[in-house]
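Colleague: I have a model open and some questions about it. Can we go through them one at a time?
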Amino acid sequence: MRFLVDSRRILALLSAALSIGCGRALDNLPDLASCGTELDVRPFAQTRDQRFLGKVTDATARCRGGGNAVAGREVPWTDWQNYWATGNESSKAWWATKNLRGVNGALVDLEYERVELIRFNLFDNSGTYPAYAGIGGPVIKTWPAMRLPLGHPNFRDVGGSGEQLCKGQLIRARTLTGICNDIRNPLMGSTGTLFARNVEFESTFPELGVDSIARNRHGGRTTLLIPDPQVISRKLFTRAQSDSSACNDGFGKPGFAVDANCDYQKAPFFNVLAAFWIQFMTHDWFSHLEEGKNHSTYMAVGCASQKVANVERPLSQAEAAKLGCRPNDGIDRSFVADSSAAPTFADGPNRRMSRASRVFRNTNTAWWDASQLYGFDERSRRRVKRDPADRARLLLDAQGFLPPLAPDDPMLPDWAGQEAAGSPDNWNIGLSFFHNVFAREHNQFVDAFRRQQASTPEADCGLRDPANPDRIIKYSDVSPDELFEVARLVVAAEIAKIHTTEWTTQLLYDEPLYRAMNSNWHGVFTTDNALTKALATVVSSLGGSSDPSRANTWYSVLASGPGIFGLGSNKSDWSIKNPDDVNGGINHFGSPFNFPEEFVSVYRLHPLVPDLIEYREVAAPDVIRNKIPVVETFRARSTPLMHQRGVANWGLSMGRQRLGTLALQNSPRFLQNLAMDRLTSPTRKIDVVALDIVRDREHGVPRFNEFRRQYGLRQLTSFDDFVDSRLASGSAERKRHEQLVATLREVYGQHKCDARKIITTSQRNEDGTPINDCLGHPDGSMVDNIEDLDTAVGYLAETTRPHGFAISETQFVVFILNASRRLFSDRFFTSSFRPEFYSTLGVSWVNNNGPSVMLDPRDDNGHSNKPVSPLKRVLLRVAPELSGELSNVVNAFDPWARDRGAYYSLDWKPRKGAENDPAFKR
Ligand code: HEM
């Protein structure tokens, strides 16, 4: 196929088209070509050590970003962030063509990263890896490990011990446990299947000493509790307070007095709603816990030793007290699904591990199926209350709030009094807000369907029953149970759309990411365009190609054309009778889908949460009436606060307040001292921030530097690399970075390096030699223990970030791979996004963000004629009291009273009319 032949032309065409839409794509090519031979379109890497690393040649950097981009090549961080027009107004060149080059260049770099991530970073733990590693493995589409096992209640329904294929009721909607999303791999992504990995198995669990290279990397310096996690928490994560009595460790002042204050580093372009949104999402995607608990055995969590002058010494009581840590804290160990020695297989001349040394279950469905609302197994479903008056609706009380958990509901005693939900753990006011919002949205859809049912009972509603596919289903035929499941499909797709096109574009607030995220969803081109259709056909045919490496490479690249969402659903002869149509849009790239442990690690985003919420009311939005500690909303304490104060006031409060930046020394005080009834340790408290470190070590997440190498990012060679080199020397901010580096060195230490020790095989030095313990420093010199740095510490220490990035580039790279994959792998977001499953009303509800299209008259960073953003539409429906406030809002995750200003401005200044908001005085 000619499409596969000329990588240069396709990437150039795609990058040009990405910026201006297909109609003008060809016009733009001469401009791209004006960089002439300097345009660096490199081949995709064939082996791991040839990877792109996000670094381009001098000529390419100059072509895309001038001298600034050339200067940025010196540091380990990716180059695209220095291209023209990838930052705010000041990053733009006078020549519009240069700006196009900058943004297009960034998109090309990001696509290279995605292609290589798909190629080099998929490691399934459930036994499929040896086949994947073999010839043709990357296009394997069905796996024995993804069959329903004998004894599964649906074993017979899918074909028993013969070929397994889901059909009938099992494929009609999202199933409770997530089976039959992929109709030929029924078990994939279902509740209780194993977390995957994104890194070579040999690089995981370095402390176990299974792999000699991993042993060399850490030189016996690390264990589960060394460096000490509570010491790390107190020295590197604590929020400094200008007035500790005003903060009171996050408990604020009596009566929620407004003169309480907890200092935190604030992100000007991202609000507190966004913080709780992502907790709401993670409760949909994964959990290591079962019903809020881990294994019954307990372990210590540190506050036992620290490095003094590079030597690990026990902490005295006085030192512990001074740090504020607690030696008697304890926590229940993680459940381990299998810790037996990993089998190995021959991979050419080498033996490779076929899974990690320990594997863990995702106790949730891995699908983006709104299981936090609807449940993920029989037990959690019992908490989900249906309205007895119309079982298609969720039960809400007369004021529109979720009912509390009933005494006979399955639950941890700690949850008593909370509002009922599929995923109730770590409940707080933010989770209460989103659960109530989407329960109301569920009912809004049901009500709209009911109205349609009443006005056109005989009309075809679009749904079909796969067991009886020729029967037209009229509106009047739809049962409450069927409508309930349709509403769930719609709500899950709305959530995925909000996350992809609204949350993420504000999390990564710059032009390349705006385009990248919108192209994941809508495609680069308009949907009814001939090129879109042609590309969709090409992408589908690549899915069936017998050339594995090429097919997967181009699948990813070309999917940006039509978009991932809806891939395979627009086939002119699509039929529910044809399993290949129902399932045909998905692509797992040879490795069954589940989230990797590394994904959980980078979503430990606790610094986002402020200690205190600035509470406001819709009647006078500029007034902060109370400072309500988040900890005072923990679990059941949120119920009266939500019910008395209401969804709209909480939406306003969290919508206007800035969240915490993901940085060192910016974790909530209250989370370091969280009391939890279920704990049986002497203190019955836990430092959640320290626990983040402990859990990642338990789960064998490679430490920061190897993590970066595994994901195709450049390694660091000293803690000094964390100082942002763009800052003037002697500036206050630079001094702050230098101080942090000194603390990192104090906590993690240094060692005398040994150049004979090879520490990784995932990358090589630029001259082709293996990377050794000295990381380029002279043999025998003292080097930083940068290899021991915990990943969560490293990614928070990254001060050099692309413009408007709330997360660091190390977190982002994990996201590039997995955010695409959870769309690519899900039939309901690709080939089964069809009226046969969603109903005609459902499809248009998802596409139009509600019952009808609503356009936003405003220009947004140069984009005009756009629909009103999807979360804003939901809020307008479920909390109409907010309509005045929301009339000024473009993206519901940007602080609501902020002036969005010029191109991707991060300035903190009030929009017109909000000048009296005291938040802008600070
Ligand atoms: C009031 C706010 C919050 C509280 C009280 C809280 C509490 C906790 C606790 C106690 C754990 C440890 C569970 C364990 O391993 O035993 C945990 C884990 C976690 N938290 Fe939070 N959290 C909060 C907010 C957030 C937010 C905003 C995020 C953002 C994504 C988040 C993401 C996570 C993740 C990814 C885990 C790991 C879960 C797993 O391994 O299954 N949390 N949290």
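Modeller: Let me fix a term beforehand: contact means heavy atoms within 4.5 Å. This is a predicted model, where local features need pLDDT of at least 70, side-chain atom pairs count only at pLDDT 80 or more, and totals for chains, interfaces and linings use all residues. Residues are numbered from 1 along each chain as its sequence is written, and side-chain values use heavy atoms, with hydrogens and water left out.

Colleague: What is isoleucine 179 in contact with, leaving aside its neighbours within four places in sequence?
Modeller: Leu148, His152, Asn154, Leu170, Pro186 and Ser190.

Colleague: And is isoleucine 179 buried or exposed?
Modeller: Isoleucine 179 is buried, at 4% relative accessible area. Buried means under 20%, exposed over 50%, and partly exposed in between, with a 1.4 Å probe and protein chains only.

Colleague: Switching to the ligand. Which protein donor does its iron atom have?
Modeller: The only one is His606, through NE2 at 2.2 Å. Donors are N, O and S atoms within 2.8 Å of the metal (3.2 Å for Na, K and Ca); water is not among the atoms, so sites may look incomplete.

Colleague: Where is histidine 606 found?
Modeller: In the loop between α20 (597-602) and β10 (612-615). Helices (H or I, at least four residues) and strands (E, at least two) are DSSP runs, numbered from the N terminus.

Colleague: Which side chains have an N or O atom by the ligand?
Modeller: Among them, asparagine 426 has one 3.4 Å from a ligand nitrogen, and arginine 695 has one 2.7 Å from a ligand oxygen. Both pairs fit the polar contact cut-off, N or O atoms within 3.5 Å; within protein, one must be able to donate a hydrogen and the other to accept it, and residues adjacent in sequence count only if both atoms are side-chain atoms.

Colleague: Which element gives the most to the shell around the ligand?
Modeller: α10, with four residues.

Colleague: New topic: how many aromatic pairs are there?
Modeller: The structure holds 53. Rings of Phe, Tyr and Trp (its six-membered ring) pair if their centres lie within 6.5 Å; planes under 30 degrees apart count as stacked, over 60 as edge-to-face and the rest as tilted. One of the pairs is phenylalanine 44 with tyrosine 112, tilted, 4.7 Å centre to centre and 45 degrees between the planes. Both of these residues are buried. Phenylalanine 280 and phenylalanine 434 are stacked, at 5.5 Å and 20 degrees.

Colleague: What does that second pair tie together?
Modeller: Phenylalanine 280 is in helix α10 (residues 272-285) and phenylalanine 434 in helix α14 (residues 429-455), so the pair joins parts 154 residues apart in sequence.
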